[in-house]
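Colleague: Could you take me through the strand pairing in this model, one partner at a time? I'd like a close look at that part, and at whatever open space it helps to line.

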Amino acid sequence: MTIWRKSSFCGSGGTDDCVELAALGNAIGVWDSKAIDAGHLVLAPQVFAALLDRLKRDDQDS
């Protein structure tokens, strides 16, 4: 069974407009809950780590 975890940055008030993540064996699943029919991305752990690194760097540049 796949367990999806919502981002800690999800809006309050029970909204489903969130990014969710799941451990998929040797990969990470990324899903946008406001685009239910779009499916999800599957990323290698190294690619996911690089994505998070990039997002953090871009945030610090703001």
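Modeller: Sure, and one term before we start: two strands pair if DSSP finds at least two bridges between them. The strands are DSSP runs of E with at least two residues, helices are runs of H or I with at least four, and both are numbered from the N terminus. Keep in mind that this is a predicted model, where local features need pLDDT of at least 70, side-chain atom pairs count only at pLDDT 80 or more, and totals for chains, interfaces and linings use all residues. Residue numbers run from 1 along each chain as its sequence is written, and side-chain values use heavy atoms, with hydrogens and water left out.

Let's start with β2, residues 19-23. β2 runs antiparallel to β3, and 5 bridges join the two. Along that pairing, E20 sits opposite W31, and A23 has I28 as its bridge partner. The two strands make a hairpin with 4 residues between them. In that turn you'll find G25, with a positive phi of about 70 degrees.

Now follow β3, residues 28-32, to its other partner. β3 is also joined to β4 (residues 40-43), by 4 bridges, and this pair is antiparallel too. I28 turns up again here, this time with L43 of β4 as its bridge partner. β3 is mostly covered, with 4 of its 5 residues buried (under 20% relative accessible area with a 1.4 Å probe, protein chains only; exposed is over 50%, partly exposed in between).

Back to β2, which also pairs with β1: 2 bridges join these antiparallel strands. Here R5 stands opposite L21. The two faces of β2 look quite unlike each other: E20 and A22 make up the covered face, while V19, L21 and A23 are on the uncovered one. In a regular strand, side chains alternate between the two faces of the sheet.

As for the open space, L21 is among the residues nearest the centre of the largest pocket, along with S7, F9, F48 and L52. A pocket here is an open set of points on a 1 Å grid over the protein atoms alone, where a 1.4 Å probe fits, with protein on both sides within 12 Å along at least five of seven lines; lining residues have an atom within 4 Å of a point. This one has 17 lining residues. β1 (5-6), β2 and α1 (45-61) each give two or more of them, and α1 supplies the largest share, 6 residues.
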